Amino acid sequence: MSLFRTKNLDEMIAHSRKPSGLAKVLGPFDLILMGIGAIVGTGIFVLTGTGAVTAGPALTLSFIVAAIACGFAALCYAEFASTVPVAGSIYTYTYATLGELAAWMIGWDLLLEYGLATSAVSVGWSGYFQSLIAGFGLHLPVELTAAPGALPGVTTYINLPALCIMLVLTAMLGWGVRESARLNNIMVAIKVGVVLLFILVGARHVEPANWQPFMPFGYHGMLTASALVFFAFIGFDAVTSAAEEVKRPERDLPIGIIGSLAACTVLYVIVSAIMTGIVPHKQFLGIDHPVSLALKHAGENWFAGFVDLGAILGMTTVILVMAYGQTRIIFAMSRDGLLPKRLSNVHPRLKTPFFATWLVGIIFGLIAAVVPLNVLTELINIGTLAAFSLVSVAVIIMRKKRPDLKRAFRCPGVPVVPALAVAFCVMLMVYLSAFTWVAFGVWLLLGLAVYFGYARKHSLLNK
């Protein structure tokens, strides 16, 4: 039965060396900045406040625990990405190890994760954008600033800025990956500069007394915050989606994955330590701009505007990279026959999956415009944790099935490191709410219905 059959790995590797229609223009520096672009955004500018309320100054440990979970998974990703440099990320790797049904389900999971991530971040982008222009005395009509019902007691119809930023970035992605990478690199450089400047300015105002008690809510609070701020690390896996557009994927993909994750972990730990050292953790309750709040608390009002700009650029790159990753997963699933063929058509001049890019941009732009997304962080997290667990299991299986396979990068300590990745991911999933588990289950059941109703019948492997 096709749902348990795997794709021929040797054919996949041979296929990766043939022209796919996508332009090979990305190098290791582009991939590291792509990873940083996807990671540094909502996590550092928004979730640090919520994490501080949950864990107190131990938020630094929360980030480290989440980073360890991601680090183990990143080593597994790097082995697969360097061995099978094919578009589709973990969907493709699962197809080669666990079979078509498992691949479909994880691909379906990633469609939710990446899509809702772009929608959620677009809503956050809208809030920072409105705050920025308000500093110049400009205000949008309140009816056009939020989704219906998002503001209690206020009539709103649509979040117009969220829709607009999605459409603008969709146009960039549709125009070409080289142009999108250049825009991403510029914005990443600016926002990392803003974060580094915050570290230099904020370090002078740290009061060590604010770090006491260091763990006011115990290990439970620290681990609960880890499950929450895990969202802050989502994005490094999007680097693997660029596999067929990388000049030297065997070397460059591991560099991009591990390099971007390491850089962001250092930034997160330092920023969270400075924030909680400036402002007592209880004062972050209900605050969606914790970094700028810390600067205002320190009397550095002149720099708060720069932080808002950094947040806007940070969220812009997250939307750009996550939307890019989603379109490449759709491209791979369509090429395998599991989704309609038109979704893998490449524009003859622009060399991008033009139709799929615009379809994704419009659908999730409309979701951002009309749906309040205040509970999506946990739903996105559980999907990502499930994906990381699967890729770790797949590495162990592939080592057993194909020990002879040439691997440009080998995950160290197999099977211990992949097993630790699964253990850490499952531990963080346990700390997510019951509502999140129910919602995730409903989405997976819907995916099963689509698979047996359409995908299995049209699968190239089944034919």
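Two rings of Phe, Tyr or Trp count as an aromatic pair if their centres lie within 6.5 Å, and in this predicted model a search of the whole structure finds 12 such pairs.

Begin with the whole protein chain in view, shown as a cartoon, where you can follow 16 helices and 0 strands. The radius of gyration is 21 Å, close to the 23 Å that the globule rule gives for 463 residues, so the chain is as compact as a globular protein of that length. If you turn the C-alpha trace along its principal axes, it spans about 65 × 50 × 40 Å, and 57% of the residues count as buried.

Next, select phenylalanine 63 and phenylalanine 233, whose rings form an edge-to-face pair, 6.1 Å from centre to centre and with 70 degrees between the planes. Phenylalanine 63 belongs to helix H4 (residues 59-83), while phenylalanine 233 sits in the loop between helix H9 (218-229) and helix H10 (249-278), so the pair ties together parts that are 170 residues apart in sequence. Phenylalanine 63 is buried, at 0% relative accessible area, and phenylalanine 233 is buried as well, with a relative accessibility of 0%.

Stay on helix H4 and select phenylalanine 72 together with phenylalanine 424, a tilted pair with 5.8 Å between the centres and 55 degrees between the planes. Phenylalanine 424 lies in helix H15 (residues 416-430), so this pair ties helix H4 to a part that is 352 residues away in sequence. Phenylalanine 424 is partly exposed, with a relative accessible area of 21%.

Finally, select Trp104, Trp108, Trp443, Tyr451 and Phe452, which together form one aromatic cluster.

How values were computed. Residues numbered from 1 in each chain as written. Predicted model: local features only at pLDDT ≥ 70, side-chain atom pairs only at ≥ 80, totals over all residues. Heavy atoms only, no water. Helix = DSSP H or I, 4+ residues; strand = E, 2+ residues; numbered from the N terminus. Rg over C-alpha atoms; globule rule 2.2 N^0.38 Å. Buried < 20%, exposed > 50% of the residue type's maximum accessible area, 1.4 Å probe, protein only. Phe/Tyr/Trp six-rings, centres within 6.5 Å; stacked < 30°, edge-to-face > 60°.
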